[in-house]
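This report goes through the helix packing, the sheet and the charged pairs of one protein chain. The sequence and the structure come first.

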Amino acid sequence: MSTPQEKVMINPKDVTMLLIDHQSGLFNLVKDMPVSQLRNNVIALAKVATMLKIPVITTASVPDGPNGPVIPEIQEFAPHVKYVPRQGQINAWDVPLFVKAVEETKRKTLVMTGTLTSVCLAFPAICAVEAGYKVYAVVDASGNWSQMATDLTIARLVQAGVIPIDTFAVIGELQQTWNRPDALDYANLFGEHIIPNYRLLMESHNKAQEAARQK
């Protein structure tokens, strides 16, 4: 039997990560958040997926056109990523090979991102819920052309049963505990990519520990 926590929290062993349309051309359209932070958050998700051996699937919308190629950091930091080509479909869930790749993981929880949020993320997220998946939409690892569009999209996603979430929360749920041998890797991940001030916290803690040892 599963515990109440397992019913409502993200289970690392049941997750597939979908990083959709994070393309260099589309990033030029992002206005609801700094592109540097968007890129950092996507890298953080790719890294944690590698740390926990979570399947990663990516795809791109007409990468040979103005939307541009997928940013190289996804392949760099999640070398096990599976790329699924599209034949012009806007909604990745309209691509049978994409859906098949998701099904082949045999996992029912999807952590999903996309650029642009109101299209590349929203369309497959809504369809995946209808197909029986539990879907988390990582809003700050997705970018959109305006803040109003993002706000409207979040409302639509919630109505459809998608769970909006941020990158920090996703990684925290996947991490589960600081009492683990790779805890420092998570701390570094937060400090390098998500919350720069977390590195200041680590530095001040280390300095306090050093001072205590010298007494």
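In this predicted model, the axes of helix 8 (residues 167-175) and helix 9 (residues 183-194) come within 12 Å and cross at roughly 170 degrees. An angle over 145 degrees counts as roughly antiparallel, so helix 8 is roughly antiparallel to helix 9. On the helix 8 side, the contact is made by Thr 167, Phe 168, Ile 171, Gly 172 and Gln 175, which meet Tyr 186, Leu 189, Phe 190 and Ile 194 of helix 9. Of the residues in this contact, 6 are nonpolar, 3 are polar and none is charged.

**The sheet**

The sheet is open and has 6 strands in the order 3-2-1-4-5-6, with parallel pairing. Strand 3 and strand 6 (163-165) each have a single partner strand, so they stand at the edges and one side of each has no neighbour in the sheet. From one strand to the next, the twist averages 25 degrees.

The bridges of three strand pairs, with one pair of facing residues for each, are as follows.

| Strand pair | Sense and bridges | Facing residues |
|---|---|---|
| Strand 1 (residues 15-20) and strand 2 | parallel, 4 bridges | Leu 19 and Thr 58 |
| Strand 2 and strand 3 (residues 82-84) | parallel, 3 bridges | Thr 59 and Val 84 |
| Strand 4 (residues 109-114) and strand 5 (residues 134-138) | parallel, 4 bridges | Val 111 and Tyr 136 |

In a regular strand, side chains alternate between the two faces of the sheet. What covers the two faces of strand 2 can be read from its residues: is each side buried or exposed? In strand 2 (residues 56-59), Val 56 and Thr 58 point to one side and Ile 57 and Thr 59 to the other, and all four are buried. Both faces of strand 2 are thus covered.

Two helices lie across several strands. Helix 3 (residues 35-51) lies across strand 1, strand 2, strand 4 and strand 5, and runs at about 150 degrees to strand 1. Helix 5 (residues 96-104) lies across strand 1, strand 2, strand 3 and strand 4, and its angle to strand 3 is about 155 degrees.

**Two buried threonines**

Thr 16 belongs to strand 1. Its relative accessibility is 0%, so Thr 16 counts as buried. Which residues does Thr 16 touch, leaving aside neighbours within four places in sequence? The contacts of Thr 16 are Ile 54, Pro 55, Ile 57, Thr 105, Arg 107, Thr 109, Leu 110 and Val 111. Among them, Ile 57 is one of the buried residues of strand 2, and Val 111 is the residue that stands opposite Tyr 136 in strand 5.

Thr 150 is part of helix 7 (residues 147-160). Thr 150 has a relative accessibility of 3% and therefore also counts as buried. Apart from neighbours within four places in sequence, Thr 150 is in contact with Asp 32, Val 139 and Asn 144. The C-alpha atoms of Thr 150 and Val 42 are 17 Å apart, with the two positions 108 residues apart along the chain.

**Salt bridges**

Side chains of opposite charge can pair when their charged atoms come close. With a limit of 4 Å between a side-chain nitrogen of Lys or Arg and a carboxyl oxygen of Asp or Glu, the count comes to 6 salt bridges.

One of these joins Glu 73 and Arg 39, whose closest N and O atoms are 2.9 Å apart. Glu 73 sits in helix 4 (residues 73-77) and Arg 39 in helix 3, so this pair ties together parts 34 residues apart in sequence. Glu 73 counts as buried because its relative accessibility is 15%, while Arg 39, at 28%, counts as partly exposed.

Glu 104 and Lys 82 form another salt bridge, with 3.5 Å between the closest N and O atoms. This pair links distant parts of the chain, since Glu 104 is in helix 5 and Lys 82 in strand 3, 22 residues apart. Glu 104 is partly exposed, with a relative accessible area of 45%. Lys 82, at 40% relative accessibility, also counts as partly exposed. Lys 82, Lys 100 and Glu 104 are linked in a network of salt bridges.

Asp 182 pairs with Arg 180, and the closest N and O atoms of this salt bridge are 2.6 Å apart. The relative accessibility of Asp 182 is 19%; buried means under 20%, so Asp 182 counts as buried.

Definitions and conventions: Residues numbered from 1 in each chain as written. Predicted model: local features only at pLDDT ≥ 70, side-chain atom pairs only at ≥ 80, totals over all residues. Heavy atoms only, no water. Buried < 20%, exposed > 50% of the residue type's maximum accessible area, 1.4 Å probe, protein only. Pairing = 2+ DSSP bridges. Axes fitted to C-alpha atoms, helices over the stretch in contact; angles between N-to-C directions. Parallel < 35°, antiparallel > 145°, perpendicular 65-115°, else oblique. Contact = heavy atoms within 4.5 Å. Nonpolar A, V, L, I, M, F, W, Y, C, P; charged D, E, K, R; others polar.
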